[in-house]
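Got the viewer open and a selection box ready? Let's take a walk through this one, stop by stop.

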Number of protein chains: 2
Amino acid sequence: MRPTVHDIAAAAGVSLATVDRVLNQRPGVRLVTREKVETAIREIGYIRDVAAANLAKGRVYPLVFIVPTGDNSFMHGLRSEVHHATLRASIERTDIRIVEVPPFDVPALVSALDALLGQDIAGVALVATDAPEVRAAVGRLVSERIPVVTLVSDLTDSARHHYAGIDNIAAGRTAARLLGRFLGGREGEITVLAGSMLVRDHRERLQGFSDVMAEEFPKLRLLPVLEGRDDPELAGSLVSRALAQSRDIIGIYNLGAGNRGLITALKAVRPERELTVVVHELTQHTRAALVDGTIDAVLNQDAGHEVRSAIRVMKATADGQAVIADQERIRLDIFLKDNLP
Amino acid sequence: MRPTVHDIAAAAGVSLATVDRVLNQRPGVRLVTREKVETAIREIGYIRDVAAANLAKGRVYPLVFIVPTGDNSFMHGLRSEVHHATLRASIERTDIRIVEVPPFDVPALVSALDALLGQDIAGVALVATDAPEVRAAVGRLVSERIPVVTLVSDLTDSARHHYAGIDNIAAGRTAARLLGRFLGGREGEITVLAGSMLVRDHRERLQGFSDVMAEEFPKLRLLPVLEGRDDPELAGSLVSRALAQSRDIIGIYNLGAGNRGLITALKAVRPERELTVVVHELTQHTRAALVDGTIDAVLNQDAGHEVRSAIRVMKATADGQAVIADQERIRLDIFLKDNLP
DNA sequence: AAATTTTTGATTTACGTACATCAGAAATGG
DNA sequence: CCATTTCTGATGTACGTAAATCAAAAATTT
């Protein structure tokens, strides 16, 4: 059987109360005694039974998710996954609050973060807009010992405890290689559509994409990036205009949201123009487009995994527990029409 | 607060003991009373606190993993992941036993399964060899109410509760599309290397691969399948011979193990022959080959995820609990040189 | 209606930990 | 050496559930 507090008490030759004081770093234990207990803990390999401890404590984890508003499918899906997590709240002893802020709005995000200061909170997960003000606000939370996890998009040089999202540089590089290899040595122009260069995930995807294109596919020329602000309408009209302006475009990479508009624009020029297209985020729209051949590959991050991972990490961090790092690595999913879930 | 057994007792107007009898399906409760209690459970939305219940029961889950011996990297990795899981045993209340059997050996697998009959076991996970005898042995375990999970390779028409592995038809289809598109309209021969047609995962991958090749890439001709028995030596020599026999081979798909041998064979003909290669399983060898360009894509299943998922499912099944289906879906990872973890 | 069987209630202990209280022991100060 | 402070032990309750025991009530049979 697994050792308990009683075993430590016996091994260290002290009472249960003293063991408890040491374990929960309560005052009133002499240094020598504390060391005696800590040695016993190490020697018999005691591990606290977290389930029993939580039961005794009546522990609940008040968590806050700060997510952007906006009607693109990905953020919609993300909010819905957080909502799903609230349904498991009683089982998981969580108490999840969702705070919505306008997208790409630094002051709004900062005030949402600062509003949490001083509150009794076991963790904060946020989709970060990468700005110094946000970094500072996160720093304030961390210095109050509140676990902070960035979700989907990371925050440069910040004190956040964890990032629950994909490696976006790798994502951009992968998109470039897929596009390059699918185009098999052809020559032409590539147009890139992004949401905003204010968020780190988009910047990183572009960087990775540009790097591989330059290194490995010199015959493909990148056109200036179109910024669609993750808005389907805007994205669609930008792409339509670009396609009308140049007949040499043979590939498109959408590293942001707004695929609905992009797909409409593609279908409008469909039979005449032969285009290889790689986009991000598997939604009902991109899935259908993948199946009917409008799109060639979809890179995806599983919002459900990200949310569940963020919750696990926040809880573990709040308890000072370790996490299975490998289990919390968010993977980049590559979908072709053949491996759709 | 979340409702407890006391709340049900009060709501149903019965004693705690009766609630307990109903919850744990113990005898000695009249039908009408049982229904009264069950109604109360539903109405106030009671959910058993599994942590508290396990604590009270002193529950441990004795689990058995049946994995093939064999020195290919994938099975090595799988065994090591199961071993890792044993290290978390005390935390997860599991007691994991690993049973090794020779690969592709039906009688050995059957006797390993039958040896478990009558033992006190909370679940069995096995890498299935797809044969009627195995199916029958699994049926015997299931009829003794022992949860059975197939791992990596599934068992056709069997009573197993769950399959913790990837969709191998989709994997084969994906491999075909990657190979086809990477070859960009060229004409030539494709050689396929498998382990054994006795395991369902290999058969399914081949089927998916052949289907897509036939439907979408008619210029690529499939050569007869080489069976390398997942043995690096044999795989290497088969491929070397095939390459020597035909100068028209432009693509290779290894849907089994034994990549070490394949990679050696490829390097031997390297500068002259231009080959596009897709293989399964990310190991140190395939990773290096991907980086140096010997291989173009690696399809992978994460053995760690599979093992952890199998454990979660066996525990949940033993307790008659539901699982988050989405969380237990094992995904097909596609690795190019850009998105290696 | 009595005897019997079946069902229900009341109560207790246990799981491993947290936390509080109070008395007593040991260490420290003067 | 005494007074004081600091430490330690002993004990009890709680968390939510499981499981056992025994008594009492209700239903069933004779």
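The tour goes from domains to the core and then to the DNA.

First, the ground rules: this is a predicted model, where local features need pLDDT of at least 70, side-chain atom pairs count only at pLDDT 80 or more, and totals for chains, interfaces and linings use all residues. Residues are numbered from 1 along each chain as its sequence is written, chains are lettered from A and ligands numbered from 1 in the order written, and side-chain values use heavy atoms, with hydrogens and water left out.

**Domains.** Colour chain A by domain 1 (5-48), domain 2 (58-165 + 303-330) and domain 3 (168-300); the bounds come from an automatic or database domain assignment. The C-alpha centres of domain 1 and domain 2 of chain A sit 35 Å apart.

**Core.** Now select Leu178(A), Phe209(A), Leu178(B) and Phe209(B), which touch the most other members of the 54-residue largest nonpolar core. Such a core is a set of buried (under 20% relative accessible area, 1.4 Å probe, protein chains only) Ala, Val, Leu, Ile, Met, Phe, Trp, Tyr and Cys residues joined through side-chain atoms within 4.5 Å.

**DNA.** Show strand C and the 29 residues around it, meaning those with a heavy atom within 4 Å. Tyr46(A), Arg48(A), Thr18(B), Arg30(B) and Thr33(B) come nearest. Zoom in on Thr18(B): a polar side-chain atom there is 2.6 Å from a phosphate oxygen of strand C. At Ala56(B), a backbone N or O atom lies 3.1 Å from a base oxygen of strand C.

Conventions:
Buried means under 20% relative accessible area, exposed over 50%, partly exposed in between (1.4 Å probe, protein chains only). A polar contact is a pair of N or O atoms within 3.5 Å; within protein, one must be able to donate a hydrogen and the other to accept it, and residues adjacent in sequence count only if both atoms are side-chain atoms.
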